[in-house]
Amino acid sequence: MIEDYKTGAILEAGGERLAPKVRESYRQQLLLYAAMHHNTEGVWPKRARLIPLEGEPVDIAIDPQEASALAMAALTLVDTYNAALAAGRDPRDLACPGQDTCKWCGYHGVCDAVWEAMSPEWEWSYHAVEGLVLAAQPTSRGLTNADVNVERSSVPSGTYRIQTDTPAVGAALVRAQRSRVRITNLRFVGGRLVTTPTSGVWSAQE
Ligand code: SF4
């Protein structure tokens, strides 16, 4: 049995008066895993399971025909992408950033495409901000407070005080004073943006 642990919700609205259903992107992901399993082991799994951190696991049936078609479509996309790169296209022009696509991606800090598309209307629980560090100062309690003039972000533009208890992040913010940075994986706590264990600081070009 293929099992996939998910940190986010595995169900989405099923439409008016319909029960919630498994997120289509997750269902397709399991079908692709099933196709990969078939490719290496020579047998199709009958079912695959999504296991959320909270709530009950959900099984989905594997239709070999649908899984094969999806795998072929994915391979075609890879070929198309590689052909575009070979023809000299800029990879940034080939990106398709969006609220759901980029939500859990680990490349926010270095991906220009996502910053060009990012909007305060994106409903992210972990935020990313880009802007000028006006000032950053360590406190006597081992924290660092940074005032950042946020211009591009998943939160509205404006000046925010960002607090971190991670020494490396605090040191990076102090070094970055009067320059533009990107800070990722922030959470709102008590109306203030704070870093999380997965937060990072990147230099942002003018
Ligand atoms: S952040 Fe960039 S690399 Fe990551 S999914 Fe979005 S567009 Fe792709």
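User: In this predicted model, in which sense do strands S7 and S8 pair, parallel or antiparallel?
Analyst: Strand S7 covers residues 144–153 and strand S8 covers residues 158–164. Between the two strands there are 7 bridges. A hairpin of 4 residues joins S7 to S8, and the sense of their pairing is antiparallel.

User: Which residue of S8 stands opposite Val 150?
Analyst: The register of the S7–S8 pair can be read from a residue and its partner across the strands. S7 spans residues 144–153 and S8 spans residues 158–164. Opposite Val 150, the residue in S8 is Gly 158.

User: Which residue of S10 stands opposite Ile 162?
Analyst: S8 also pairs with strand S10, residues 192–195. That pairing is parallel and has 2 bridges. Across from Ile 162, the S10 residue is Leu 193.

User: Which residues of helix H6 are buried, and why do they line one face of the helix?
Analyst: Helix H6 runs over residues 167–175. Viewed along the axis of H6, the buried residues fall within an arc of 160 degrees, so they line one face. On the other side of H6, Pro 167 and Ala 168 are exposed. The buried residues are Val 169, Gly 170, Ala 172 and Leu 173.

User: What covers the buried residues of H6?
Analyst: The residues to be covered are Val 169, Gly 170, Ala 172 and Leu 173. The cover includes strands already met above, S7, S8 and S10. With S6 and strand S11 (201–203) added, what covers them includes S6, S7, S8, S10 and S11.

User: Is Glu 123 buried or exposed?
Analyst: Glu 123 sits in the loop between helix H5 (112–117) and strand S6 (127–138). A residue counts as exposed if 12 or fewer other C-beta atoms lie within 10 Å of its own. Because Glu 123 has 9 C-beta neighbours inside 10 Å, its class is exposed.

User: Which strands are the edge strands of the open sheet S1-S4-S5?
Analyst: This open sheet has 3 strands in the order S1-S4-S5, with mixed pairing. An edge strand here pairs on one side only, and the edge strands are S1 (2–6) and S5 (58–61).

User: How many bridges join S1 to S4?
Analyst: S4 covers residues 47–52 and runs parallel to S1. In this pair, Lys 6 stands opposite Pro 52. The number of bridges joining S1 to S4 is 5.

User: At about what angle to S1 does helix H1 run?
Analyst: Helix H1 spans residues 24–41. H1 lies across S1, S4 and S5. Its angle to S1 is about 145 degrees.

Technical notes: Residues numbered from 1 in each chain as written. Predicted model: local features only at pLDDT ≥ 70, side-chain atom pairs only at ≥ 80, totals over all residues. Pairing = 2+ DSSP bridges. Buried ≥ 20, exposed ≤ 12 C-beta atoms within 10 Å, placed from the backbone. Contact = placed C-beta atoms within 7 Å. Axes fitted to C-alpha atoms, helices over the stretch in contact; angles between N-to-C directions. Arc of directions from axis to C-beta.
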